[in-house]
Every structure is written in structure tokens, then in C-alpha cells.
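Please read the following as a walk through one protein chain, taken a few parts at a time. The structure comes first, and the explanation follows.

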Amino acid sequence: LSPNRLPQLVFLLAWATGVALPANGLYGGLRPTLMAHDYHVDPAVGAVVSMPLVITLLAVAGLRAAMLLPVSLSTNWVFRMTDWPAARAARLDAVEQSFVRLALLPALVLSTPVQFAVLGLSRGFFALLLAGLASRVLVELSLLGWRRVPFTCTWLPGKRPLPLAVLGVVAIVWVTSAFADIASLTVQAGPRSVATLAAILLVVGTALRWFRRRSWADGPLEFEDEDPARV
């Protein structure tokens, strides 16, 4: 990622957007919400709880988009000739660690002081716990079906019709906003509610990780992007 300007631009642009949206919410601007008016989510709590979720969502999306760019196609012969199960697992594990280290952990580190300052020690810890587990589920979902060494696979833009792509983005934002409000209500409700939601997220994340690693062991790496409508 570091020597290639275009992937850097895509990734940092997504990161900047991810930081700007929660900053706007903390300042008092409008935040997309599903249940705030119905269930009386405190605006400060909602903005702080949603901060790591929004940053992680956009950072993961930006990193995934950057890794899809074919800036090193001439190097993929090395990975083609050494695609045996052990090497494949190591390479795909490196992709997972990239998402964790470049998206998930920086978002949590950036949000932690704000959460503790606004929510206090106990509620800040609860918010951080839920954000970490939810972000891990998001990373697992983004890696389902991933079989590429970054920057070494061809890429076909426009594989989905524009209306479907826009609807997908709207749906992701809506689900993230809904979960942020659920997490805010849970943090306000107390430890028992936090423990219940944390257990659910832990089970979902573990199941997704098991399914992902099992699917990674079954199929070879991908180096050619194919049109889904191709017969």
C-alpha cells in the first residue's frame, strides 16, 4: 500500500470521511439515525457510540477498494506458482491482519479517549467493548468471499448496475445507523444489556470467522476478476 499513490488516495479519502462524519455528529450536526426520536437516545451518547462504527465502516470500505486496484499485476506469477494451502492461508491471514491493523484498531484507538471523556469510565468501557465486537463482525463480513492477494488481481468496474450499488450503500448506512442506536440504548440500559449484546456479537463473529477460514481452505486464490453475468 505504501509505495502506490492511487490506493493510498482511496484509503485515506475513506479514512478522512470516516473521521469527518463522527466529528460532525459530536459537534452537533445531523447524524443518520433510525430510532433516536422513538427511544430517546441521548444525542451525545449516540454520537460517541457510533464514532468507532462509522470510522471502521468507511476505513474497511476504503481499504477493500484500495486492495482491489490492479497496481501490481506483474507480480502475481509468484503467487500463482506457490498457491498451496499453507501459503494461501498465510497470505489471506495477512489480508485479515491488514484490515485489523489499518482499519479496526486505529478506529478504536482514536475513539477511546472521546468515549471515556463523554461517557465516563464504565459506560465508556461498555461502548468500547460493543464497538470492538461489532467492528470485528464487520471485518469478517467484508472478508467473506475474498480470495485475492491485494493489488495482483484484475478488476472489472461497473459489475453491478448503479441503482443496485446505490441501494447497497444506503442499506449499509441504514443498518450501521440502526445498530449504533441499539448499542447506544444498550449502553444506557446497563451492564446486563451490554453483556447480552456482547455475547450475541461474539457468537456471530466467531461463526463468521469459522466459516470464512473453512472457505479459504477449500478454493484457490483469484487473479482474474470475472463478470457475474458471464455464462
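The model shown here is predicted. A place to begin is the surface, with a nonpolar patch. The largest share of this patch, 3 residues, is supplied by helix α6, which covers residues 121-143. The members of the patch are Phe-116, Leu-121, Phe-125 and Leu-129, and together they have about 390 Å² of accessible area. Phe-116 sits in helix α5, residues 85-119. With a relative accessible area of 30%, Phe-116 is partly exposed.

The two helices named so far also pack against each other. Two packed helices are described by the angle between their axes and by the distance between those axes. For α5 and α6 the angle is about 160°, and the axes are 9 Å apart. Angles over 145 degrees count as roughly antiparallel, so α5 is roughly antiparallel to α6. The crossing of α5 and α6 is right-handed.

A third helix, α8, can now be added; it spans residues 191-218. Helix α6 packs with α8 at an angle of about 20°, and their axes are 9 Å apart. Because angles under 35 degrees count as roughly parallel, α6 is roughly parallel to α8. Here α6 passes α8 in a left-handed crossing.

The remaining pair is α5 and α8. Their axes are 10 Å apart and meet at an angle of about 140°. This angle makes α5 oblique to α8, and the crossing of the two is right-handed.

How many salt bridges are there in the model? The count comes to 12. Several of them involve Glu-96, and these are worth following one by one.

Glu-96 forms a salt bridge with Arg-136, and the closest N and O atoms of the pair are 2.3 Å apart. Glu-96 belongs to helix α5 and Arg-136 to helix α6, so this salt bridge ties together parts of the chain that are 40 residues apart in sequence. Is Glu-96 buried or exposed? Its relative accessibility is 3%, and the cut-off for buried is under 20%, so Glu-96 counts as buried. Arg-136, at 21% relative accessibility, counts as partly exposed.

Glu-96 also forms a salt bridge with Arg-212, where the closest N and O atoms are 3.4 Å apart. This pair links distant parts of the chain, since Glu-96 is in helix α5 and Arg-212 is in helix α8, 116 residues away. Both Glu-96 and Arg-212 are buried.

Next along the chain from that arginine is another partner. The side chains of Glu-96 and Arg-213 meet in a salt bridge at 4.0 Å, N to O. Glu-96 lies in helix α5 and Arg-213 in helix α8, so the pair ties together parts that are 117 residues apart in sequence. Arg-213 has a relative accessible area of 35% and is partly exposed.

These salt bridges can also be viewed as one set. Asp-93, Glu-96, Arg-136, Glu-140, Arg-209, Arg-212 and Arg-213 are linked in a network of salt bridges. Within this network, Glu-96 of α5 is paired with Arg-136 of α6 and with Arg-213 of α8. The helices that carry these residues are the ones whose packing was described above: α5 is roughly antiparallel to α6, and α6 is roughly parallel to α8.

The last stop is the loop between α6 and α7, where α7 covers residues 162-189. Which residues can be picked out there? One of them is Trp-146, which lies in this loop. Trp-146 has 2% relative accessibility and so counts as buried. In sequence, Trp-146 and Leu-63 are 83 residues apart, while in space the distance is 13 Å from C-alpha to C-alpha.

Phe-151 is in the loop between α6 and α7 too. At 11% relative accessibility, Phe-151 counts as buried. Where does the backbone of Phe-151 stand in terms of phi? Phi of Phe-151 is near 75°, which is a positive value in a residue other than glycine.

Terms used
Residues are numbered from 1 along each chain as its sequence is written. This is a predicted model: local features need pLDDT of at least 70, side-chain atom pairs count only at pLDDT 80 or more; totals for chains, interfaces and linings use all residues. Side-chain values use heavy atoms; hydrogens and water are left out. Patches are made of residues with over 30% relative accessible area and no salt bridge: like charges are joined within 9 Å, nonpolar side chains (Val, Leu, Ile, Met, Phe, Trp, Tyr) within 5 Å. Accessible areas come from the Shrake-Rupley method with a 1.4 Å probe; for residues, only the protein chains shown count as cover. Helices (H or I, at least four residues) and strands (E, at least two) are DSSP runs, numbered from the N terminus. Buried means under 20% relative accessible area, exposed over 50%, partly exposed in between (1.4 Å probe, protein chains only). Axes are lines fitted to C-alpha atoms, for helices over the stretch in contact, and angles run from 0 to 180 degrees between N-to-C directions. Angles under 35 degrees count as roughly parallel, over 145 as roughly antiparallel, 65 to 115 as roughly perpendicular and the rest as oblique. A crossing is left-handed if the near helix is turned anticlockwise from the far one by less than a right angle, and right-handed if clockwise.
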